[in-house]
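Colleague: I am new to this one. Could you show it to me and walk me through it?

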Amino acid sequence: MLPLGWFWQASLLPDTYDMAAMGYPDWGGGPEGRHGHHDGVPVASLTADPDAPADVRETFTVRREPDGGFTVNGTSPGPLLEATVGDLVEVTLINENITEGTTLHWHGVDVPNAADGVAGVTQDAIGPGEEFVYRFVVEQPGTFWYHSHQLSHEQVRRGLLGGLVVYPSERDPDELQQVAVLHEYEAGPSLNGAAGVTTVDAEPGQRVRVRVVNTDNGETRAWVTGASYHVVAVDGTDLNDPGQVEDRSISIPAGGRVDLGLVVPESGARVDFGGTTALVLGGDPTDGGQASPPMAEVDLLSYGEPSDLGFDPERPDRHFDYRIGKRPGFLDGRPGMWWTINGHLFPDVPMFMVEEGDVVVFEIENNSDDAHPMHLHGHHAVVLSRNGEPATGSPWWVDSLEVKTGESFEIAFLADNPGLWMDHCHNLPHAAEGLVAHLMYEGVTSSYRVGGGTANTPE
Ligand code: C2O
Ligand code: CU
């Protein structure tokens, strides 16, 4: 038995540290390569083509308001960022007055690593009066969002976020695009910044795509009254042959998105979100009454029809466990009950090591008495099974996956985006409590440092 003081001392984080050097390498049963070498490709060099001109160019000025909230160009949510697939998006972030510094992360967009916006991992936090230019090509149409990844548990909750939509190249001109950014502010839940019911003009027969973004720390659900609907996309990926849904709700994990497709009937349609906000299209079929949530839910494990994944997850090159638990211990000198990953407390957690081109399988298991919306940066993973039950529906590609306590998921992806990527819980206070690991490509070296002596505090 080691004395308690030893554990306290051993849990202290050094003043500044290289995230890539924390914890221990986990090679997932694949070949062990080099780790911790300093002669590889630096994270900072993993950018979009610096000579390519931008197709979409925006300036986002972020500010801390007198009431403690954060805004982007004066509003929260910030402006909707819109692009078309294939566009090179260039956003200049200007930090007007946020003393602790800030960044922007493009949640769900598989950007080049240096544009990922994680303070201390892919860039330094941008101090007050400073600016930073993000450049990335949007290769996938869909619904995404952006948010700060510096002190994110605080800055995101207080509004440093906005929606991001990438349209397909052939855009359907007859489909009404309606973004619904859900966020709970100090004053309560909101839809695109407004409390309660938001009404949108729409004629009967109008086709609508409702792009729902859950920017909160917990799961929510959406349901439709007055019309049937289809869950046309999840986390920015269209589902294959999604069936018609009636009297069922759809859950949206923290950080996750769903796109709902519907046709407005004679008497209008109403989409409710968690029972706190709603979108009325044309007319309110409930006559303003509180629409009650249906008992049944859409289960994405069996919804829609299977189709080709584009890779074979049957014989993975790497197989990792991501087992989430909870136990007493010290986190940076603070005693408490802390999250564990494969039995280890942050920062002594696995560094999941991959090689470019690997087929990677993760087995996520949660026995921590709490739900965790797990978010992998830079990649989309497909769900293979839940609690041992194989997926039978449309390929279910996620970047944000709700893993309830007692549940296990097997997910797979192709390692096709070199860098150092966070893989963490998007209930952001949980991330700040240590539910954070990283995926690291062999041959990549880190360019930044986290910790006290720097301003970088990604969680
Ligand atoms: Cu939405 Cu690590 O982030
Ligand atoms: Cu969590």
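Modeller: Gladly! Let us begin with a term: contact means heavy atoms within 4.5 Å. This is a predicted model, where local features need pLDDT of at least 70 and side-chain atom pairs count only at pLDDT 80 or more, while totals for chains, interfaces and linings use all residues. Residues are numbered from 1 along each chain as its sequence is written, chains are lettered from A and ligands numbered from 1 in the order in which they are written, and side-chain values use heavy atoms, without hydrogens and water.

Colleague: Which residues is Leu260 in contact with, leaving aside neighbours within four places in sequence?

Modeller: Leu260 belongs to the largest nonpolar core (buried Ala, Val, Leu, Ile, Met, Phe, Trp, Tyr and Cys residues joined through side-chain atoms within 4.5 Å). Buried here means under 20% relative accessible area, with a 1.4 Å probe and protein chains only. Beyond those sequence neighbours, Leu260 is in contact with Val208, Arg209, Val210, Val212, Ala222, Val224, Tyr229, His230, Val231, Val232, Ile250 and Val271.

Colleague: Which strand gives the largest share of this core?

Modeller: The core has 83 residues, and Val210, Leu260, Phe273, Tyr322 and Phe362 touch the most other members. Strands are DSSP runs of E, at least two residues, numbered from the N terminus. The largest share, 5 residues, comes from residues 436-441, strand β35.

Colleague: Which residues are the protein donors of the copper ion (ligand 2)?

Modeller: Donors are N, O and S atoms within 2.8 Å of the metal (3.2 Å for Na, K and Ca); water is not among the atoms, so sites may look incomplete. Along the chain, the donors here follow the spacing H-x52-C-x4-H. They lie 2.0 to 2.1 Å from the copper ion and are His372 (ND1), Cys425 (SG) and His430 (ND1).

Colleague: Why does the pair His372 and Cys425 tie together parts that are apart in sequence?

Modeller: Both His372 and Cys425 are buried. His372 lies in strand β28 and Cys425 in strand β34 (residues 420-425), so the pair joins parts whose separation in sequence is 53 residues.

Colleague: Which element gives the most to the lining of the largest cavity?

Modeller: On a 1 Å grid over the protein atoms alone, a cavity is a set of points where a 1.4 Å probe fits but cannot get out, and lining residues have an atom within 4 Å of a point. The largest cavity is lined by 14 residues, with Met374, His375, Leu376, Ile411 and Asp423 nearest its centre. Elements giving two or more residues are β27 (359-366), β28 (372-376) and β32 (400-403). The most, 3 residues, comes from β28.

Note on methods. 1 Å grid on protein atoms, 1.4 Å probe; cavity = no way out; pocket = protein on both sides within 12 Å on 5 of 7 lines; lining within 4 Å. Helix = DSSP H or I, 4+ residues; strand = E, 2+ residues; numbered from the N terminus. Buried < 20%, exposed > 50% of the residue type's maximum accessible area, 1.4 Å probe, protein only.
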